[in-house]
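Let's take a walk through this structure together, one region at a time. Keep the viewer open so that you can turn to each spot as we reach it.

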Amino acid sequence: RKKVTLQTLQAMYSRQEPITMITAHDFPSAHVAEHAGMDMILVGDSLAMVALGMEDTSEVLLEEMLLHCKSVCRGAKAPFIVGDLPMGSYEVSPEQAVQSAIRLVKEGRVQAVKLEGGVEMAPAIAKITGAGIPVLAHIGLTPQRQNALGGFRVQGKSVAGALKLLQDAQAVQQAGAFGVVLEAIPEPVATLVTKKLQIPTIGIGAGNGCSGQVLVQVDMSGYFPPGRRIPKFVKKFGDLWGEASRAIEAYREEVKARSYPGPEHNYPMAKEELEEFAK
Ligand code: KIV
Ligand code: NA
């Protein structure tokens with residue numbers, strides 16, 4: 001497969017072909033995403049929860065993101081890979097933001113970075129893009145700001161909220177972002193924002209009018225135990241948890257029953273050698 005570049009993505013946007021994006025957090029999850037033909041991979045800081053068992057994304061460090069970015073980039077060559085700037089690595093100043101972005105590219109080996117925020121992050125976006133690093137912005141529900149937002153809530157439901165979203169989207173475009181993630185906003189608002197922009201919008205919980213879609217891989221593939229609550233916008237396309245559970249349970253039962261390993265799994269030994277050995 002040919003490498004997906006910024007130009008490839010812009011061409012898809014121009015011909016209104018939906019852009020497909022999925023998260024990956026390590027070599028195998030990146031490898032399978034590439035084989036499935038995804039255009040873009042996001043090394044999202046959601047890996048704090050889905051790969052590291054943390055409470056929320058605020059705990060994950062830039063160093064930890066670097067390790068996961070390296071692993072993902074070894075696993076997938078063709079997709080355009082974006083690394084999340086974790087909380088605390090970019091908000092202090094545009095200088096801090098560009099330093100962290102450079103590390104994600106130089107050490108993490110990603111092709112672009114993502115950061116959360118609109119109008120207030122425009123100077124940081126301008127600084128990073130000025131250094132030649134493509135930036136994907138992220139507005140609407142921004143999980144790193146959950147304490148300020150009062151939890152994981154739909155954004156842009158009121159006229160004022162929708163106008164703020166539009167302002168944020170225009171500000172990140174103006175600052176040089178190549179695209180913007182719209183998370184958890186009403187479909188009509190996301191559709192209108194998309195129409196008003198000249199850069200692609202990547203929706204998650206933002207309806208079908210965006211330029212592309214992104215989902216967290218463990219959510220969409222069903223790699224979580226029954227009963228766990230998932231956001232309304234997630235469609236469970238698979239049952240990886242069920243598949244893994246069935247396999248591990250079967251293995252456990254066969255070991256307990258001494259039916260695994262069977263003769264077909266054993267290494268043979270020449271009869272003469274065996275007789276000699278058994279003496
Ligand atoms: O960290 C993440 O997985 C994300 C996506 C949900 C957009 O930021
Ligand atoms: Na994220």
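Arg109 sits in the loop between H5 and E4. Its phi is positive, about 75°, although Arg109 is not a glycine. That is worth a second look, as most residues other than glycine have a negative phi. Is Arg109 buried, exposed or partly exposed? With 16 other C-beta atoms within 10 Å, Arg109 is partly exposed, because a residue needs 20 or more such atoms to count as buried and 12 or fewer to count as exposed. Please bear in mind that this is a predicted model. The mean pLDDT of the chain is 97, and 100% of its residues reach 70 or more. The scores for the model are ipTM 0.99 and pTM 0.96.

Ala184 also has a positive phi, near 50°, and is likewise a residue other than glycine. You will find Ala184 in the loop between strand E6 (179–183) and helix H9 (187–196). Ala184 counts as buried because it has 23 C-beta neighbours inside 10 Å, where the cut-off is 20 or more.

Now step back to the whole chain. Its secondary structure comes to twelve helices and eight strands, and its C-alpha atoms fill a box of roughly 85 × 40 × 40 Å along the principal axes. The domain assignment gives domain 1 as residues 6–238 and domain 2 as residues 243–278. Taken over C-alpha atoms, the centres of domain 1 and domain 2 are 46 Å apart. Of the 279 residues in the chain, 41% are buried. Among contacts between residues at least 6 apart in sequence, 58% join residues at least 24 apart.

Next, the interior. The largest nonpolar core has 69 residues, and those with the most contacts inside it are Ile41, Val43, Val113, Ile125, Val135, Ala137 and Val172. Val172 makes a good place to start: leaving aside residues up to four places away in sequence, it touches Gly118, Ala122, Ile125, Ala137, Ile139, Ala177 and Val180. Two of these partners, Ala122 and Ile125, are buried residues of helix H6 (residues 122–130), as are Ala124, Lys127 and Ile128. What do the buried residues of H6 pack against? Their partners are helix H5 (94–106), strand E4 (112–116), strand E5 (135–140) and helix H8 (159–175). Just after H6 comes Gly132, with a positive phi of about 85°.

Ligand 1 is our next stop. Around it are Thr23, Leu42, Gly44, Asp45, Ser46, Asp84, Val181, Ile204, Val214 and Val216. By character, this shell divides into five nonpolar residues, three polar and two charged.

Finally, move to helix H11 (residues 240–256), which holds Ala250. Ala250 is exposed, as it has 11 other C-beta atoms within 10 Å, and the cut-off for exposed is 12 or fewer. Ten residues separate Ala250 and Tyr260 in sequence, and their C-alpha atoms are 9.8 Å apart in space. Tyr260 brings us to one last backbone detail: the peptide bond from Tyr260 to Pro261 is cis, with omega near -5°. Most peptide bonds are trans. Pro261 itself is found in the loop between H11 and helix H12 (271–278).

Methods: Residues are numbered from 1 along each chain as its sequence is written. Chains are lettered from A and ligands numbered from 1 in the order in which they are written. This is a predicted model: local features need pLDDT of at least 70, side-chain atom pairs count only at pLDDT 80 or more; totals for chains, interfaces and linings use all residues. Helices (H or I, at least four residues) and strands (E, at least two) are DSSP runs, numbered from the N terminus. Two residues are in contact if their C-beta atoms, placed from the backbone, lie within 7 Å. A nonpolar core is a set of buried Ala, Val, Leu, Ile, Met, Phe, Trp, Tyr and Cys residues joined through C-beta atoms within 7 Å. A residue is near a molecule or strand if its C-beta atom, placed from the backbone, lies within 6 Å of it. Ala, Val, Leu, Ile, Met, Phe, Trp, Tyr, Cys and Pro count as nonpolar, Asp, Glu, Lys and Arg as charged, and the others, Gly among them, as polar. Domain bounds come from an automatic or database domain assignment. pLDDT is the predictor's confidence in each residue, from 0 to 100.
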